[in-house]
Amino acid sequence: MHLSDSDLSAIWLTLKLATLVTLILLVVATPIALWLSRSQSRFTGVVSAVVALPLVLPPSVLGFYLLIAMGPNGPLGQFTQSLGLGTLPFTFTGLVVASVIYSLPFVVQPIQNALTALGKRPGEVAATLGAGPIDSFFHVTLPLAKPGFLTAAVLGFTHTVGEFGVVLMIGGNIPDQTRVISVQIYDHVEALNYGQAHTLSGLMVAFAFIVLLALYGLRRRNKQGGGSWL
Amino acid sequence: MAVNSADRIRARVLLQRSDFTLNADLHLPGTGFSVLFGHSGSGKTTLLRCIAGLEKAAAEIALGDEVWQSDTVFIPVHQRPLAYVFQEASLFDHLSAQGNLDFAVKRARQPVSQSEKSAIIELLGIGHTLQRYPANLSGGERQRVAIARALLSKPRLLLMDEPLAALDEQRKQEILPYLESLRSEFSLPVIYVTHSVNEVARLADHLIAMENGNVMAQGSLEETLADPDFPLQLGEEAGVVLDTYVTALDPQWHLAQFEVGNGFGIWIRDSGHRKGDMARLRILARDVSLAVSPQSETSIQNALPCTVEAITSDNHDALALVKVRVGDAPLLSRMTRRSVASLQLEPGKVMWAQVKSAGLV
């Protein structure tokens, strides 16, 4: 197995991107999921639909609109320029923003499902024992919904690792900036370097399989053992 | 427990839903078990949730001088000094039994000493469960841990929503004694929701009868149950419950005499009591008959002089419920309306009540 320097740099960039995106997503998605699972507002339908859009849209459509929005004349672009940050397309930051939006449903939905399954009762019990809302979230809701959060983190991470279309639309192919593994593989194939494409693709398959195996293994153990895990 | 027994509980709640209106005004004593009793759908659980603040309603709720809720005030649930035992086991699955108890101790309204903790664990008999997770506890054990957890949060008011309803008969019998010791050993006021007449008879000091979201009757258990106009149809279970004590024993015939109505007594079989023991006696209306004079040639040994107070029709056209008073204790007697007519019963008439049997509860 031979990995070139540019392969290694693509792997490193991909891991950095996926980790950062996952952390941001857990922070962003949790309040959305909490609201969606608890609120009786009629706007939950609209918000659910918006959150789920990246699931059904072709990545190129999403990437195209993000490119427009983040461009010099788009609302996001105007905003970042007014902050003196320039524009986001073809930068690592731009890739992070796009990936957060692209992977949002993969993180919101497992958390939302876990919170819905949990129901209101644990929070009510905690309140009657004197726990305030924040105390109750960290000491009751979070530990009880931990499998949902773990699934969300794993799906958010792997989905970001696997994205291609959105990256191509707004990130292009800049080494150490936006050239992630999937783009690197595409380059190898274009250049007819099938050997190097095989190596990277094989690594991706192995990585995805091991992560999912670990996730389902933990879920199974959790179902059988009861009590807490991890 | 540090509880001011002068605390009185007041709850006025108005809640409108599309298919249901709850309209209740409660004045409850600051100690003992107040039981909200009614059929399912009568609004008793909703009322309890409103008192806790778990349900938003237009309400005035106060414990003693402390206003929890009014037009201008809403103290959130976690700041109300209450604890709540839910119908189904509501332990936190991610914590052991010990972890569940510690959760309450850490957030208790007052510091909990080690000896108080041990006393509560012993009172509920859960010492052997502490290291286990809820998934590995029986239904009865889970509910006992939940009750201990509620007590350890040092509430000034304990709310219990049908804590036995989800358990089978055997488990109920297992937990009832713990609730009775809770009643006798703590002055903590408890509001207890149930639809079981048996639990009312065993636990209630104060009774609130509910129907269709309205309070139909409230008062001391003795007087409320003895009211022949008691609004809920109890059928065969109509009768009175009296708090009493053992006045004499008859070892030859294995009988014990219980005081009734200040100076009178009835003999029932001895269940290993000693003289002076406190007990609750339940006397069903169907086990009480009335006679103009004391009968000697009958198998019924308990005959007590009484005065008729009220006569009402019962659930069947042929039947009537007659309320009489022995000394200061009320009794109910069920008979046919023909008997009422032929005995010429009317309020104020002096009769003899014959009590065929009475149950200890």
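Biologist: How much area do chain B and chain A bury between them?

Modeller: Buried area is the accessible area (1.4 Å probe) that two parts lose on being put together, summed over both. Here, chain B and chain A bury about 1800 Å² between them, with 65% of it on carbon and sulfur atoms. On the side of chain B, B:His78, B:His94 and B:Arg107 lose the most area to chain A, together 35% of what that side buries. Before we go on, please note that this is a predicted model: local features need pLDDT of at least 70, side-chain atom pairs count only at pLDDT 80 or more, and totals for chains, interfaces and linings use all residues. Residues are numbered from 1 along each chain as its sequence is written, chains are lettered from A in the order in which they are written, and side-chain values use heavy atoms, with hydrogens and water left out.

Biologist: How many residues does the contact take from each chain?

Modeller: Contact means heavy atoms within 4.5 Å. The contact takes 21 residues from chain B and 19 residues from chain A.

Biologist: How many salt bridges does the rule find across this interface?

Modeller: Side chains of opposite charge can pair when their charged atoms come close. The rule for a salt bridge asks for a side-chain nitrogen of Lys or Arg within 4 Å of a carboxyl oxygen of Asp or Glu. It finds 3 salt bridges across the interface of chain B and chain A, and the count over all chains comes to 25. A:Arg121 lies in helix H6 of chain A and B:Glu88 in the loop between S6 and H2 of chain B, so this pair joins two chains. Their side chains meet in a salt bridge at 2.5 Å, N to O.

Biologist: Which elements give two or more residues to the side of chain B that touches chain A?

Modeller: Helices (H or I, at least four residues) and strands (E, at least two) are DSSP runs, numbered from the N terminus. The elements you ask about are strand S6 (82-85), helix H2 (97-106) and helix H4 (139-152) of chain B. The largest share, 3 residues, comes from S6(B). As for chain A, there are 11 helices and 0 strands.

Biologist: Now to empty space. What volume does the largest pocket have, and which residues lie nearest its centre?

Modeller: Rolling a probe the size of a water molecule over the atoms shows where empty space is left. On a 1 Å grid over the protein atoms alone, a cavity is a set of points where a 1.4 Å probe fits but cannot get out, and a pocket is an open set with protein on both sides within 12 Å along at least five of seven lines; lining residues have an atom within 4 Å of a point. A volume is the space filled by probe spheres set on the points, which are joined across faces, edges and corners. The largest pocket has a volume of about 810 Å³. It is lined by 26 residues, and A:Arg38, A:Lys120, A:Gly123, A:Glu124 and A:Ala127 lie nearest its centre.

Biologist: And which residues line the largest cavity?

Modeller: B:Gly32, B:Phe33, B:Leu182, B:Arg183, B:Phe186, B:Leu188 and B:Val190 do. About 40 Å³ of space lies in this cavity.
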